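Please explain how this chain is put together, beginning with one residue and moving out to the helices around it.

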Amino acid sequence: MSLFGLGRNQRTFRPKKSAPSGSKGAQLRKHIDATLGSGNLREAVKLPTGEDLNEWLAVNTVDFFNQVNLLYGTLTEFCTNENCPTMTAGPKYEYRWADGEKIKKPIEVSAPRYVELLMDWIEGQLDNESIFPQKLGATFPPNFKDVVKTIFKRLFRVYAHIYHSHFQKIVSLKEEAHLNTCFKHFILFTCEFVLIDRKELAPLQELIESIIVPY
C-alpha cells in the first residue's frame, strides 16, 4: 500500500487538521475534491464563482499544511539531525528559523528541528480564531493574506528540502509521482494568488517552470 495512504506505519508527522467547521469549509472542501477529481489542477485552484477569497485561502491553507505534513512524515526516519544538520535546499540555500515572537533573530537548526518548529508555528496560526475564524460569518483580519503568504513561503521550504535532500529516497519508495502532483497543485495555487515572491522560489525554479510553462 502507498506510504501516502499511511499503510506503512499509519502515522503522519502530526495529527491532520480539519478545515474550519463553522465556515463554508465543508462546502468548499467538496468543491476542491470534485475539481481535483477531474484531474485539472489549474481549474481546481481557481476561486469558485461567488465565493469569498479569504474562505478559499483558509480552506486550502489547511489542505496544503496537511499535505506537506503527510509527505514529510514519511521521511522522518531519513531526515535526521545527523543526515540533515542544517535546513537546506541545495548548496546555495540555507534556511534559518525565526517566528518573530519567541525567536526574533534567525537561528541555525537542523532540518527536522526546522520542520518541527515550522509545523508548530503553522498550527498556532490555524488554531488562532482571530486569524483563522471558525464561525460562519466571522471576519478575517486585515493582514490575513500576509499570514497566508508567510505560511506558504515556509511550506515551500519543506518542499525545497525534500526535493534537494531526499528525492532519491522518495524515488526508491516509488512515491515521486505523488510528491510531484502535490507540489504541482501547491505551485499552481501559489501562482494563482501570488503567495510567494519569485526570489523565494529560486531553489526549485526549473521544476516550477516545467509545471507552469506547458500551459
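Which residues does Ile212 touch, not counting residues up to four places away in sequence? In this predicted model, Ile212 touches Arg42, Ile187 and Cys191. Ile212 is found in helix H7, and its relative accessibility of 28% means that the residue counts as partly exposed, because values under 20% are required for a buried residue and values over 50% for an exposed one. Cys191 lies 21 residues from Ile212 along the chain, and 8.9 Å separates the C-alpha atoms of the two.

Before the helix that holds Ile212 is examined further, the chain as a whole may be described. It contains seven helices and two strands. Read from the N terminus, these elements follow the order α-α-α-β-β-α-α-α-α. The chain has 215 residues, and 48% of them are buried. About 10800 Å² of the chain is exposed, with carbon and sulfur atoms supplying 52% of that area. Among the contacts in the chain with a separation of 6 or more, 74% join residues that are 24 or more positions apart.

Helix H7 covers residues 205-212, and within this helix Gln205, Ile208 and Ile211 are buried. Viewed down the axis of H7, its buried residues fall within an arc of 120°, and therefore they line one face of the helix. The cover over these buried residues includes helix H5, residues 144-172, and helix H6, residues 176-192.

One residue of H6 may be considered in detail. Phe183 lies in helix H6, and it counts as buried because its relative accessibility is 0%. With neighbours within four places in sequence left aside, Phe183 is in contact with Phe156, Tyr159, Tyr163, Leu204, Leu207, Ile208 and Ile211. Two of these partners, Ile208 and Ile211, are also among the buried residues of H7. Phe156 is 27 residues from Phe183 along the chain, and the C-alpha atoms of this pair are separated by 8.8 Å.

Attention now turns to the packing of helices against H5. Two packed helices are described by the angle between their axes and the distance between the axes. For helix H3, residues 53-73, and H5, the axes come within 11 Å and cross at roughly 20°. H3 is therefore roughly parallel to H5, since angles under 35 degrees count as roughly parallel. The crossing of these two helices is left-handed. On the H3 side, the residues that meet H5 include Leu57, Thr61, Phe64, Phe65, Val68 and Leu71. On the H5 side, the residues that meet H3 include Val148, Ile151, Phe152, Leu155, Val158 and Tyr159.

How are H4 and H5 oriented relative to each other? The axes of helix H4, residues 111-127, and H5 come within 11 Å and cross at roughly 155°. H4 and H5 are therefore roughly antiparallel to each other, because angles over 145 degrees count as such. The crossing in which H4 passes H5 is left-handed. H4 contributes to this contact through residues including Tyr114, Val115, Leu118, Trp121 and Ile122, while H5 contributes residues including Val147, Ile151, Arg154, Leu155 and Val158.

Taken together, these contacts show several elements meeting at H5. Ile151, Leu155 and Val158 of H5 are among the residues that meet H3, and these three residues also take part in the contact with H4. Tyr159 of H5 is among the residues that meet H3, and Phe183 of H6 is in contact with Tyr159 as well. H5 is also included in what covers the buried residues of H7.

How values were computed
Residues numbered from 1 in each chain as written. Predicted model: local features only at pLDDT ≥ 70, side-chain atom pairs only at ≥ 80, totals over all residues. Heavy atoms only, no water. Buried < 20%, exposed > 50% of the residue type's maximum accessible area, 1.4 Å probe, protein only. Helix = DSSP H or I, 4+ residues; strand = E, 2+ residues; numbered from the N terminus. Arc of directions from axis to C-beta. Contact = heavy atoms within 4.5 Å. Areas by Shrake-Rupley, 256 points an atom, 1.4 Å probe, with all protein chains shown as cover. Axes fitted to C-alpha atoms, helices over the stretch in contact; angles between N-to-C directions. Parallel < 35°, antiparallel > 145°, perpendicular 65-115°, else oblique. Left-handed = near helix turned anticlockwise from the far one by under 90°.
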